[in-house]
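New to this one? Take a look at the sequence and the fold first, and then we'll walk through what stands out.

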Amino acid sequence: MLLRQLEYLVALARERHFARAADACFVSQPSLSAGIRKLEQELDVPIVRRGRRFEGLTPEGERVLLWAHRILAERDALRHELSSLRGGLVGTLRLGAIPTALTVASLLTTPFCERHPRVRVVIDSLPSRDITHRLAEFELDIALTYLDDDSLGKVRRSPLYEERYLLLTPKDGPLAGEREAQWSEIARLPLCLLTPQMRNRRIMDEYFAADGVGAVTPSVETDSVAGLYAHLAAGRWSSVISHAWLHMFGVPEGMRVLPLARPHHGPRVGLVIADRRPEPLLARALLDTAREAGVREALDRLLDVYLQQG
């Protein structure tokens, strides 16, 4: 069994198309198909359900795929460990992040790359359910997500900060002169919020409900923080934001931020890795960097600056 054959299988399962999988592996489609057939012969099981096009994996194929991810991850771990013995880490760190935490990723990746200049970082923006799956399938080394998510399964958690929610509103808006805002008051404003599919929005809906708001009907909903800020810059809408977003987007001209009456701290955000041994060496290196990066302190200082300006 060649590791290259396992790479073909992983690419095919990911792309779900023979030609795209071959392109991803930089080989011809006949070479990829021949490699997978050779793997089936060596293991004496059918792996791929074949028809006029790719139709998925057999039950045996799903099991082989899991082992393929594991074996390739062990190969990468060996390479990383040997590279560290030769004088520095080399390889690719695969980091998954929920969209609402991407705004702080540079607080980790910048010092990490300065410390490990020969390591390449690839960041995927993913919903939390995909993060759970890809950690389990060895497709991610580490992830940046909510730590209280029950769907994470068996992972090791490393907290970075607690979300703090703010009202971002026009300076001439009805609440702009207040010292703090109530969720029930915010619900009466023309709002731009994330869509209910986003975990951050569902958390906010719980706080609205706790303050007696039955349902929130925003004027605009979007599935990205960038899309939300693009609308806020027009100066017409208000929004509830996480203080972590200030690191990337700040406060648009003509707007101000107000603290909310409650909660003082929201859910925890941090790094998670699959609970397995040995730990991915590159993931461990990022955790070491995170402990010294002072993400919580950096975000709190930034928040204080904007609140004083407001």
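What share of the residues of the protein count as buried? Of its 310 residues, 48% do. Keep in mind as you read that this is a predicted model.

**The big picture**

- You'll find 12 helices and 12 strands in the protein.
- The C-alpha trace runs about 75 × 50 × 30 Å along its principal axes.
- If you take the contacts between residues at least 6 apart in sequence, 73% of them join residues at least 24 apart.
- The protein has an accessible surface of about 15,400 Å², and carbon and sulfur atoms account for 49% of that.

**What's packed inside**

- In soluble globular proteins, nonpolar side chains tend to be buried together.
- Here, the largest nonpolar core has 71 residues, and Ile 142, Leu 144, Tyr 161, Ile 186, Ile 241 and Leu 271 have the most contacts inside it.
- Helix 11 gives the most to this core, with six residues.
- Another core, of 21 residues, lies apart from that one, and Leu 6, Val 10, Phe 18 and Val 48 are among its members.
- Back in the largest core, Tyr 161 has plenty to look up: leaving aside neighbours within four places in sequence, its contacts include Ala 101, Val 104, His 243, Pro 267, Val 295 and Leu 299.

**A closer look at helix 11**

- Helix 11 covers residues 281–293, and its end C-alpha atoms are 18 Å apart. That agrees with expectation, because 13 residues at 1.5 Å a residue should span 18 Å.
- Its buried residues are Leu 282, Ala 283, Ala 285, Leu 286, Leu 287, Thr 289 and Ala 290.
- Right after the helix comes Gly 294, with a positive phi near 65 degrees.

**A nonpolar patch on the outside**

- Leu 3, Trp 67 and Ile 71 make up a nonpolar patch on the surface, and together they have about 260 Å² of accessible area.
- Trp 67 sits in helix 4, which covers residues 59–85. Its relative accessible area is 43%, so Trp 67 counts as partly exposed.
- Leu 3 belongs to helix 1, residues 3–15. With a relative accessible area of 38%, Leu 3 is partly exposed.
- Not counting residues up to four places away in sequence, Leu 3 touches Ile 71, Leu 72 and Arg 75.
- For a sense of distance, try finding Leu 303: it is 300 residues along the chain from Leu 3, and their C-alpha atoms are separated by 49 Å.

Terms used:
Residues are numbered from 1 along each chain as its sequence is written. This is a predicted model: local features need pLDDT of at least 70, side-chain atom pairs count only at pLDDT 80 or more; totals for chains, interfaces and linings use all residues. Side-chain values use heavy atoms; hydrogens and water are left out. Patches are made of residues with over 30% relative accessible area and no salt bridge: like charges are joined within 9 Å, nonpolar side chains (Val, Leu, Ile, Met, Phe, Trp, Tyr) within 5 Å. Accessible areas come from the Shrake-Rupley method with a 1.4 Å probe; for residues, only the protein chains shown count as cover. A salt bridge is a side-chain nitrogen of Lys or Arg within 4 Å of a carboxyl oxygen of Asp or Glu. Helices (H or I, at least four residues) and strands (E, at least two) are DSSP runs, numbered from the N terminus. Buried means under 20% relative accessible area, exposed over 50%, partly exposed in between (1.4 Å probe, protein chains only). The expected span of a helix is 1.5 Å times one less than its number of residues. Contact means heavy atoms within 4.5 Å. A nonpolar core is a set of buried Ala, Val, Leu, Ile, Met, Phe, Trp, Tyr and Cys residues joined through side-chain atoms within 4.5 Å.
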